[in-house]
Amino acid sequence: MCGIVGYIGNKSALDILLDGLTNLEYRGYDSAGIAVNVDNQVELYKAEGKLQNLKDVTALNRAHIEKSTIGIGHIRWATHGAPTKTNAHPHSCNCGRVAIVHNGIIENYKELRAKLEKQGCVFRSQTDTETVAHLIASKFANTKDLAEAVKLASKEIEGAYALCVIHQDVKDTIIATRRNAPLLVGIGEGEYYIASDVPAIIKYTKKAMYLDDNQIAVLTPNSMKLIDIDNNALTPKIEELPWEPVALSKMGYKHFMLKEIHEQPNVVRNVLAGKLRAIDENVILNEVTLDKDRIKNLNRIQIVACGTSLHAAMVGKYIIEQYCGIVVDVEPSSEYIYRKTITDKNTLVIGVSQSGETADTITAIRQAKSKGSHILIITNRPDSTMAREADSLIPVSAGIEVSVAATKSYMAQVISFYLLAIYMAEIKGSVAVQDLERLKKELVLLPQKIEKVLSHKEDVQVCARKFANSKDFIFIARGINFPTALEGALKLKEISYINATGYTAGELKHGPIAMLDESMPVLSILVKGGVYEKILSNSEEAKARNARMIALTNSEDTKLTDLFECIIRIPEIDEMLSPALAIVPLQLLAYYISEFLGKDVDQPRNLAKSVTVE
Ligand code: AGP
């Protein structure tokens, strides 16, 4: 949530900051701002709304701003205070000499603000961040040392933060620090880049250092000093970033979401590569460090996740219970952390997260870790906070996902769960070898089937045009595709703002059926298998209440044409693997409806890709 960039070096900072913010727009886009130092004067430029507004503001004064070779920038997802220009970062103090950008939440900001106001600080915004600007300024007034001022301030701050600070009186220095919010320092030749996330800096450098909690980096164009909150000198751990700049291009697609949907066949191939080598060989999952005896003795698995990752976890529950015979509980991380949870060393706790930075999931896994559970993390970001907390880490290799609506990362998570289930089933001997071989064969064939869906999108486009003006949408399914219904509905809500809900088809008649009439589309996920006839009969019930029926199916059953107004077809697939195929047309349906309605597909209102606040 919120994106931070910083630059200090020998180049003009302006374009580096704006470019970095462009690549962090997925983290929030309520307002944006930068602070630079021109002619020994700290100057702030801010704008409400999308980043383009800030670009327009800075364009008016470009020749002047360009003179600065130091700067910090911020793109905001509002937590405290409305998304206005006044509340936009950077924030400053009374004298305007300090400028800070912040990601996170300062929990004791009210107390700090009251104290600072008594000392004469005048607050302009409603943000928690402004307290930190005043606090640092007041510490600097006494110490005349910016790193010391930041250090003293951070001892008084409670909550989560990633901070970048500049001061007019120390014009060749940026201070960067963090606690429970991500921040990294990119290293160039006579220059340093600071960012909340890799996309902001990957174009400039692949060498970087991730800050750990309570570390403070003191950066000048030619030096980097790393200290901890007690002033101990630390040795920076410099890493090679595992990303390529090309990941951030739309590659000719109109939106990142469409590009990412089309990347899914290769995402499946990547996830399987080296792990599923042959149908008659065991799955190799060296990433799981839990020894075989502990796997055999597991009495319970808990999976924590949010949003789309939660839906992937629900598919995971279904297949692990089916193949491994272990009880699996799936819970939204935000619920898990506020109740008494029962875990022990025979419980495996799995955290699933695209970003690896979702605050609720981080808290949940830390809570489980403190009770002795083995923590397995399934994430698209092996460089994330969650990955660093893991006992076992399965990186899902989907590549950077830019669109706020997750698509390819969901696919990668789901496929990782299949591999994990097969791996554990092979260790436990809990299912017949032929059943596992059938599933492995289907996994290998999956990329081609997804390609087939992607090359025959016409049914989906027709359906999208027909139903784009619906106010509500219902998705129904049973069994292993119930999470598919939830995920299809979530995709549609997120990017088209249509009120969409997923139900287990059998629950329809226990309440939701009351909502059905000729204006309500009901999309039935009708995959051939154990519950096909049941869903068909639930669809008949819905049709009898005049609902407008849509089928997503791999069945050629001729009676479907009478029952359904629109039929979206997918290739033959084993029911157990069908969630990985059935989700693709639903992602496309959401995409085309959103595009048809003229919505902002990649940056839907009110959302941010990475939810780093609880
Ligand atoms: C997905 O389309 C959403 N943007 C959102 O639900 C997301 O899945 C959720 O915030 C969890 O994020 P994570 O996977 O990075 O933890």
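**Helix packing and sheets in the predicted model**

In this predicted model, helix 17 contacts helix 20 through Thr484, Glu487, Gly488, Lys491, Leu492, Ile495 and Ser496. Their counterparts in helix 20 are Pro579, Ala582, Ile583, Leu586, Ala590, Tyr591, Ile593 and Ser594. By class, the contact of helix 17 with helix 20 holds nine nonpolar, four polar and two charged residues. Helix 17 spans residues 482–496. Its axis lies 9 Å from that of helix 20, at an angle of about 20 degrees. Helix 17 is therefore roughly parallel to helix 20, since angles under 35 degrees count as such. The crossing of the two helices is right-handed.

Helix 20 (residues 578–596) also packs against helix 16 (residues 458–467). Here the angle is about 45 degrees, and the axes are again 9 Å apart. Helix 16 and helix 20 are therefore oblique to each other. Helix 16 passes helix 20 in a right-handed crossing. On the helix 16 side, the contact is made by Val460, Gln461, Cys463, Ala464 and Arg465. On the helix 20 side, Pro585, Leu588, Leu589, Tyr592, Ile593 and Phe596 take part. The contact of helix 16 with helix 20 comprises nine nonpolar residues, one polar residue and one charged residue. Ile593 of helix 20 is listed in the contact with helix 16 and in the contact with helix 17.

Both helix 16 and helix 20 touch strands of a sheet. Helix 16 lies across strand 21 (472–477), strand 23, strand 24 and strand 25. Helix 16 runs at about 145 degrees to strand 25. Helix 20 packs on the sheet as well, touching strand 21, strand 23, strand 24 and strand 25. The direction of helix 20 makes about 155 degrees with that of strand 23.

These strands belong to an open sheet of five strands, ordered 22-21-23-24-25. The pairing is parallel. Strand 22 (499–504) and strand 25 (566–569) stand at the edges. Each has a single partner strand, so one side of each is left without a neighbour in the sheet. Neighbouring strands of this sheet are turned by 20 degrees against each other on average, direction ignored. Within the sheet, strand 23 (residues 521–526) pairs with strand 24 (residues 548–553) over six bridges. One of the bridge partnerships joins serine 524 to alanine 551 in strand 24.

Another open sheet has seven strands in the order 5-6-7-8-12-13-14. Its pairing is antiparallel. Strand 5 (91–92) and strand 14 (233–234) form the edges, and each pairs on one side only. Strand 6 (residues 98–106) and strand 7 (residues 159–167) run antiparallel, joined by nine bridges. Isoleucine 106 has glycine 159 of strand 7 as its bridge partner. Helix 5 (residues 129–143) packs on this sheet and touches strand 5, strand 6 and strand 7. The direction of helix 5 makes about 130 degrees with that of strand 6.

Overall, the protein chain contains 20 helices and 25 strands. Its C-alpha atoms fill a box of roughly 80 × 55 × 45 Å along the principal axes. For 614 residues, a compact globule would have a radius of gyration near 25 Å. The chain has 26 Å, which agrees with that value.

Note on methods
Residues are numbered from 1 along each chain as its sequence is written. This is a predicted model: local features need pLDDT of at least 70, side-chain atom pairs count only at pLDDT 80 or more; totals for chains, interfaces and linings use all residues. Side-chain values use heavy atoms; hydrogens and water are left out. Axes are lines fitted to C-alpha atoms, for helices over the stretch in contact, and angles run from 0 to 180 degrees between N-to-C directions. Helices (H or I, at least four residues) and strands (E, at least two) are DSSP runs, numbered from the N terminus. Angles under 35 degrees count as roughly parallel, over 145 as roughly antiparallel, 65 to 115 as roughly perpendicular and the rest as oblique. A crossing is left-handed if the near helix is turned anticlockwise from the far one by less than a right angle, and right-handed if clockwise. Contact means heavy atoms within 4.5 Å. Ala, Val, Leu, Ile, Met, Phe, Trp, Tyr, Cys and Pro count as nonpolar, Asp, Glu, Lys and Arg as charged, and the others, Gly among them, as polar. Two strands pair if DSSP finds at least two bridges between them. The radius of gyration is taken over C-alpha atoms; the globule rule is 2.2 Å times the number of residues to the power 0.38.
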